[in-house]
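Thanks for coming. I'll walk through one structure today, starting at its metal site and then moving to one helix. Please have the model open while I talk.

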Amino acid sequence: MAKLITGIHHVTAIAADSQHNVDFYTGILGLRLVKKTVNFDAPDVYHFYYGDENGSPGSILTFFPYAGLVRGRHGKGMLNTTTFSVPSNSIGYWEERFKKFNVNYKPAEDRFHAETVIYFEDPDGLGLELVFNDKDARAGFSYGQIPPEHAIKGFYNVEIWEEGYERTAGLLSGQLDHVLIAERGNRFRFAATDAPGNYVDILCTPDSLRGLGGSGTVHHIAFATPDKESQTAVQQKLLSISLNPTPILDRNYFTSIYFREPGGVLFEVATSGPGFAIDETPDHLGELLKLPPQYEARRSRLETELPPVSLHIDQYK
Ligand code: ZN
């Protein structure tokens, strides 16, 4: 039987300043701003989507920027690190780039005796990593300021901290089609599809403080499902274990259900389509403020009240 969940769809985080967020992700990291829209549940806040050229599932990091919001705290019950995939020979390039643009990063570390990892943070303190590896066949993207051979290819994995890992592991393997593919120390790696972009690491961290929401923290992670039929099937499976998912919500670029996993992290299951080319052409993704039909009547007010943002790629060569 085909899998109901195929991997990671996107990660959504919280930022403080809109322009700093755009500059960091498009300028320094070279991700493509594939959609500039608003939070469909609170349209006076932007929703930025960054990803590869098309905003493929497994590459999409999104943000709600709230001006002046206080910082949150990493901790258990939270997705604390989102990890990007880059080629193994890019370590020197990225260390130089981080120095040049004053990005704080930690020395390279080994993971699973198979991967080299560098941890760094965005301007709000969001936990990020680069994983240097040779197993990722996806094409990288940048606006041209990063050589193609060093460009980010999408996510590699995410890292979720939990008080204990068993109940979350049970949900991933029981209802969400993941299997345990590696473990070492307190790190347990799951995947629905064994390929970069889809690895979900559960870290057992009972001694850490509980995470607190705020800027620099993740709001939720979305898993990919092929279509509405498979999404409905996942919803039924979750109902059968009393996890109480939401009804299917129309997010314009996909449809979604949300539920909280036993450790406290907000999970979403999003359809792989229709994707970001539904309301602007592939070569112009992210250029204009796109609104869902229910907010078009508010466009002129939103365009006045939302802070203007623009790309400054030339400053990040
Ligand atoms: Zn989402």
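H220 is buried, because its relative accessibility is 4% and the cut-off for buried is under 20%. Keep in mind that this is a predicted model. H220 binds the zinc ion through its NE2 atom. The other donors are H10, also through NE2, and E268, through OE, with coordination at 2.0 Å. In sequence, the spacing of the donor residues reads H-x209-H-x47-E. H10 sits in strand β1, residues 7–15, and H220 in strand β13, residues 217–225, so the two histidines tie together parts that are 210 residues apart in sequence. H10 is buried as well, with a relative accessible area of 2%.

Now the third donor, E268, and its strand. Is β16 mostly covered or mostly open? Strand β16 runs from 266 to 271, and six of its six residues are buried. In a regular strand, side chains alternate between the two faces of the sheet. In β16, one side carries L266, E268 and A270, the other carries F267, V269 and T271, and all of these are buried. So both faces of the strand are covered.

Which strands pair with β16? One is β13, which runs parallel to β16 and is joined to it by five bridges. Within that pairing, F223 has V269 of β16 as its bridge partner. Another is β15, residues 255–260, which pairs with β16 in the antiparallel sense, again over five bridges. There, Y258 stands opposite E268, the glutamate that coordinates the zinc ion. β15 and β16 form a hairpin with five residues between the strands, and G264 in it takes a positive phi near 110°.

Last, the helix. Which residues of α2 are buried? In α2, residues 91–100, they are W94, R97 and F98. These residues cover an arc of only 100° around the axis, which puts them on the same side of α2. As a reminder, an α-helix has 3.6 residues a turn, so residues three or four places apart point the same way. The buried residues of α2 pack against helix α1, residues 18–28, and against strands β5 (78–87), β7 (115–121) and β8 (127–133). After α2 comes N102, with a positive phi near 55°.

To recap the metal site: the zinc ion is held by H10, H220 and E268, and the strand that carries E268 has both faces covered. That's what I have.

Notes. Residues numbered from 1 in each chain as written. Predicted model: local features only at pLDDT ≥ 70, side-chain atom pairs only at ≥ 80, totals over all residues. Heavy atoms only, no water. Donors = N, O, S within 2.8 Å, 3.2 Å for Na, K, Ca; no water. Helix = DSSP H or I, 4+ residues; strand = E, 2+ residues; numbered from the N terminus. Buried < 20%, exposed > 50% of the residue type's maximum accessible area, 1.4 Å probe, protein only. Pairing = 2+ DSSP bridges. Arc of directions from axis to C-beta. Contact = heavy atoms within 4.5 Å.
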